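Here's a friendly walk through a protein structure, one stop at a time. Keep the 3D view open and turn it as you read.

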There are 2 protein chains.
Amino acid sequence: MRTVALDAMGGDKAPEATVMGAAEAVLTKPDLMVKLVGDQAVLSLLLARNGVRGHKRIVIVHAPNRIEDDTKVDLSIRLRTDASLIKAIDITRNGEADAIVSLGNTAVTAAAATLMLGRIPGMTGRPAIATILPRSRKRRTILLDSGAMVDCKPEQLRQFALLGWAYALTTGIVEPRIGLLSVGEEPTKGNAAVQEAHKLLVGTRGFIGNVQGHDIMNGEADVVVCDGFTGNAILKEAEGFFPYLKSVAKANWLDALLAFLLFRRIGKVLDYRVYGGCPLLGVQKVCIIGHGKSDHVAAKNAIFAADRAVENDLVGNTSRLFSE
Amino acid sequence: MRTVALDAMGGDKAPEATVMGAAEAVLTKPDLMVKLVGDQAVLSLLLARNGVRGHKRIVIVHAPNRIEDDTKVDLSIRLRTDASLIKAIDITRNGEADAIVSLGNTAVTAAAATLMLGRIPGMTGRPAIATILPRSRKRRTILLDSGAMVDCKPEQLRQFALLGWAYALTTGIVEPRIGLLSVGEEPTKGNAAVQEAHKLLVGTRGFIGNVQGHDIMNGEADVVVCDGFTGNAILKEAEGFFPYLKSVAKANWLDALLAFLLFRRIGKVLDYRVYGGCPLLGVQKVCIIGHGKSDHVAAKNAIFAADRAVENDLVGNTSRLFSE
């Protein structure tokens, strides 16, 4: 039995989406327990509405408050023990849960989880946020960092490679291939940090050398490593691509129709909800941060992502890589 | 009368595409002269085939050799005066032409042009390569740097903003809006160089603050400034997007058909050939570097881009910005 602590009050559609997602998750997986952290009265009502009140694998942990998105993240955040996010992280830290899932603000969640769970020994930078990109109906590329560390030293890029490798394994990728994002294939291409990181990475298991922007989605690598500034710019550019194509197509009715039909169909393949959330890698427990817009399907899949990471011993594998 | 020196031997489809492009250019524009730099015999034959041998606004400048793509760019490159690229830059430098256009290797052309033409006073980094991105049927976003300078100091990012602003004017954008690429809108977002550059840019004409990855194509800014590492990654990612969508669509015949039809139609809007080439900004003469795959249409448009930049006094305007 694995236990996931869910910040039931985090996310735009919480607590309805979180409770419904949790209910579906426990009904689907018989060896999974979810601890819903949030307002007892509200959650209890919603559990009843979803027909799972009294279910022995869904438990409410009372935490009546919530962390606002614009909360300043500092040490004092830990003292807000009545906030759902903090309580959920806390019960994960003390072993009452194996993993924490939140659909709340990414920066706040990442910062609180880092402060409270601590980094795995050997990590020198901040934990990285990885994004899972669907490159086909079946295959994914894991990109990290997505924006947690905007200024990276070469050693931090090397550590991202280890974090990404360990995470890729838990998603079912056998022998993950790690690429370092650069401006050319040759080891001498790239900015100063990337050129140095390349040297550090030579000989690392799975390292295939430099990859470029167009390789992110073509399957050249399973894990693409870059600093958080570049990663963030790339991910946001990719997010803007469908709206851009639609706006270009809009000028002509036939183009608009073709675009509508195509994106409606392809959209299912590329649906972020399938991945459920982004792992925060490098902390001492499994932590999955979902999209703020997550509905119950995304919430359920975020819980499954956490469950899979625990089952495949993400933290243990990562720690071993860092102690080698 | 404006004169463009064309490296007639540069590019995958040269000299056929370059001569044909030049012929179309002079037949279209009555106040334009093209100096075709390359092998006299070959070019003469091709001029005849295009029906413009003896045309008084198309002149051959003999340079029998060509620079190979893998040429090491150092000071000795200037000594290869019989290579078409070097000769074309040389006659631009000494005033026999107002601008140089090459469809040859970007890095080699940029380096040779920088060495031979010199930077405008006040430029402290390398000249930037700007890329023109079509964000709709009528509007463009200018992104710089595209990869010339992968490690940028804040002052260099500030200079990119000035270069982009001056270039945007020559493309017909009135009061260009300049955005600094970052990971959030607030001035405090970004890596160290970007945060510092933001401070330097406050008060600069046209500066609208930070923009993000999704803003590149949504019209938030006319000029997007970033370091060459990020710019290169972003442009290559964008290049990979159509192939990616096609590969996703391929798995299903209806998706594949929709994608084929849509991209065939939209492709015309997004055709790189319309823009002809990327300007090298910050050198003392107009220099346009075209795509290596350019055909005669792209070659013609690269010549027109150079002509427009000369007509609108790109170098004069840029120099004035830097001396303010």
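**Starting from a strand pair**

In strand S7 of chain A, A:Leu143 is the bridge partner of A:Thr131. That's one piece of a bigger pairing: four bridges join S6(A) to S7(A), residues 140-144, and the two strands run antiparallel. (Two strands pair if DSSP finds at least two bridges between them; helices, H or I with at least four residues, and strands, E with at least two, are DSSP runs numbered from the N terminus.) The link between S6(A) and S7(A) is a hairpin of five residues.

Before going on, some ground rules: this is a predicted model, where local features need pLDDT of at least 70, side-chain atom pairs count only at pLDDT 80 or more, and totals for chains, interfaces and linings use all residues. Residues are numbered from 1 along each chain as its sequence is written, chains are lettered from A and ligands numbered from 1 in the order in which they are written, and side-chain values use heavy atoms, with hydrogens and water left out.

Now look at which way the side chains go. In a regular strand they alternate between the two faces of the sheet. In S6(A), residues 131-134, A:Thr131 and A:Leu133 point one way, A:Ile132 and A:Pro134 point the other way, and all are buried. Buried means under 20% relative accessible area, exposed means over 50%, and partly exposed is in between, using a 1.4 Å probe and protein chains only.

**Some unusual backbone spots**

Most residues other than glycine have a negative phi, and most peptide bonds are trans. So where are the exceptions? A cis peptide bond joins A:Leu144 and A:Asp145, with omega about 5°, and A:Asp145 sits in the loop between S7 and H5 of chain A. In chain B, another cis bond joins B:Ala14 and B:Pro15, with omega about 0°; B:Pro15 is in the loop between strand S1 (2-7) and helix H1 (16-28).

A:Asp313 has a positive phi, near 55°, though it isn't a glycine. You'll find A:Asp313 in the loop between H10 and H11 of chain A, and it counts as partly exposed at 35% relative accessibility.

Step into helix H11(A), residues 314-323, and you meet buried residues, among them A:Leu314, A:Val315 and A:Phe322. What covers the buried residues of H11(A)? The cover includes helix H5 (154-170), strand S11 (278-281), strand S12 (286-289) and helix H10 (296-311) of chain A.

**Over to chain B**

Helix H9 of chain B, residues 253-269, holds B:Leu257 and also B:Phe263. Is each one buried or partly exposed? B:Leu257 is partly exposed, because its relative accessible area is 41%, while B:Phe263 is buried, at 7%.

B:Phe263 touches residues of both chains: A:Leu245, A:Leu262, B:Phe242, B:Leu245 and B:Lys246, not counting residues up to four places away in sequence. (Contact means heavy atoms within 4.5 Å.)

**How the two chains relate**

Two copies of a chain are related by a rotation about an axis and a shift along it. Here, a turn of 180° and a shift of 0.0 Å along the axis lay chain B on chain A with an RMSD of 0.0 Å. The two copies are therefore related as by a two-fold rotation axis. The same surface serves both copies, as 98% of the contact residues of chain B recur in chain A. (The superposition is by least squares on the C-alpha atoms of residues with pLDDT of at least 70 in both.)
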